[in-house]
Amino acid sequence: MPKVFPELRSAPCVTKRPAPIMTAGDLPFSCSLVFNAGVIKYRGEYVMVYRDDYGTDKAAFENERKNFTATIIGVARSKNGVDGWRFDPEPLIDSALPFDDPEIRRFYDPRIIMIEGRLYLCAAMDTRHGLRGAIAELSEDLRSYRLISATVPDNRNLVLFPEKIGGEFVRLERPMPVYSRGRDRFDIWVSRSPDLVYWGKSELVLGVEQVPFANDKIGPTSAPIRTEKGWLTLIHAVDRDESRGKNGWEPKWAKRYTAGVMLLDLEDPSKVIGMSRAPLIAPELPAETDEGFRQNVIFPCGTVLEDDGEVKIYYGASDTCVCLATAHVNDLLALCEKP
Ligand code: BMA
């Protein structure tokens with residue numbers, strides 16, 4: 001029987017903006033839910049790749065309260081990373097349109113990373129034969145993409161490190177092995193590649209049982225940030241409590257997603273050299289606990305380190321909107337105790 005965690009709070013060093021920075025009504029496209037957005041600073045402005053679940057299927061809505069049938073990955077830009085978002089006029093990817101590869105059904109949970117001047121998108125990819133982790137190169141104007149590689153099923157939450165380590169590309173990822181432990185007991189892994197196509201040298205980074213506020217699964221969030229002390233790396237962490245009943249629009253939702261923070265060795269990112277023993281961000285605001293599709297979901301996909309040490313953390317809240325929290329990089333490092 002998993003442990004039950006009655007209440008979890010965000011770390012005191014975290015400041016949340018009191019209201020979401022983006023909601024469905026802001027988008028120029030049909031949108032039921034906008035969430036889990038990746039963000040990067042690029043050419044003097046903030047670029048967001050967001051997830052827009054849209055479409056109305058009357059039967060699905062009546063049976064499951066789901067009023068979305070397709071997913072857009074779209075691009076928005078802002079001068080300050082907080083407001084004034086300008087939306088690119090066409091979706092980058094729209095799952096309602098045919099893909100070149102008919103296996104592909106949709107992309108979601110996008111992360112955007114720059115390595116050696118090139119932009120990459122990491123995203124979960126649903127296909128006819130399973131859920132895969134995808135890496136694509138983006139054009140400079142973010143209007144098109146080229147798929148570079150995809151994992152075998154079941155793997156997702158891929159995120160690239162923003163630079164090569166020891167001459168190799170490196171990614172964090174979250175496979176979903178069920179044979180060893182029976183159900184969701186999913187961990188964070190690292191893999192390496194000479195060219196972003198061929199991946200290997202995979203190693204376990206962090207097991208779910210090592211995270212004191214998780215009893216279900218964990219996963220990578222956004223690109224790790226290089227600091228003098230190590231790679232500052234956010235994670236998401238899930239605790240499940242079967243006694244949780246009705247939750248948001250969902251008839252039952254037993255999980256809660258929080259964010260955590262860890263520090264990885266600069267030369268060997270399979271080594272965890274520090275980890276916060278309590279959540280970094282927990283659901284507290286009305287948009288996180290009382291509203292939306294699935295309540296109590298904090299799902300970061302983007303972090304930006306500013307010159308003054310502020311870290312902007314962009315997260316999806318309740319699978320329904322995009323929120324923003326900030327913390328100083330030194331405070332985040334201070335949370336990373338030795339494991
Ligand atoms: C995960 C993904 C995310 C989602 C989260 C909470 O498994 O599907 O897109 O935000 O669940 O529902």
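Here are legends for five close-up views of this predicted model.

**View 1. The ligand and the residues around it.**
Start with the ligand itself, which takes up the space of the largest pocket. The residues around the ligand include several with charged side chains by name, so here is the roll call: Asn 36, Arg 51, Asp 109, Arg 156, Lys 217, Trp 253, Tyr 257, Arg 294, Val 297, Phe 299 and Asp 319. 

**View 2. Three arginines that meet oxygen atoms of the ligand.**
Zoom in on the arginines and you'll find polar side-chain atoms facing ligand oxygens. For Arg 51, a polar side-chain atom lies 2.8 Å from an oxygen atom of the ligand. For Arg 156, the distance from a polar side-chain atom to a ligand oxygen atom is 2.7 Å. Arg 294 joins in too, with an N or O atom of its side chain 2.9 Å from an oxygen atom of the ligand. Taken on its own, the ligand has 310 Å² of accessible area, and the protein covers 90% of that.

**View 3. The open sheet that runs from E11 to E14.**
This open sheet has four strands in the order E11-E12-E13-E14, and the pairing is antiparallel. At the edges sit strand E11 (155-160) and strand E14 (200-206), each of which pairs on one side only. From one strand to the next, the twist averages 30°. Look at E11 and strand E12 (residues 169-175): they run antiparallel and are joined by four bridges. To find your place in that pair, look for Asn 155, which stands opposite Pro 175 in E12.

**View 4. Backbone oddities around the start of E11.**
Two spots in the backbone are worth a look here. The peptide bond from Pro 153 to Asp 154 is cis, and its omega is near -5°. Asp 154 belongs to the loop between strand E10 (145-150) and E11. Move on to Asn 157, where phi is near 60°, a positive value in a residue other than glycine. Unlike the loop residue Asp 154, Asn 157 has its place in strand E11.

**View 5. A second open sheet, with E1 at one edge.**
Here's another open sheet of four strands, this time in the order E1-E22-E21-E20, again with antiparallel pairing. Its edge strands are strand E1 (15-16) and strand E20 (298-305), and each pairs on one side only. Strand E21 (residues 310-317) and strand E22 (residues 321-328) run antiparallel, with eight bridges joining them. Within this pair, Tyr 315 in the view stands opposite Cys 323 in E22.

Conventions
Residues numbered from 1 in each chain as written. Predicted model: local features only at pLDDT ≥ 70, side-chain atom pairs only at ≥ 80, totals over all residues. Heavy atoms only, no water. Pairing = 2+ DSSP bridges. Helix = DSSP H or I, 4+ residues; strand = E, 2+ residues; numbered from the N terminus. Axes fitted to C-alpha atoms, helices over the stretch in contact; angles between N-to-C directions. Near = heavy atom within 4 Å. Polar contact = N/O pair within 3.5 Å; in protein donor to acceptor, adjacent residues only side chain to side chain. Areas by Shrake-Rupley, 256 points an atom, 1.4 Å probe, with all protein chains shown as cover. 1 Å grid on protein atoms, 1.4 Å probe; cavity = no way out; pocket = protein on both sides within 12 Å on 5 of 7 lines; lining within 4 Å. Sits in = over half its atoms within 2 Å of the grid points.
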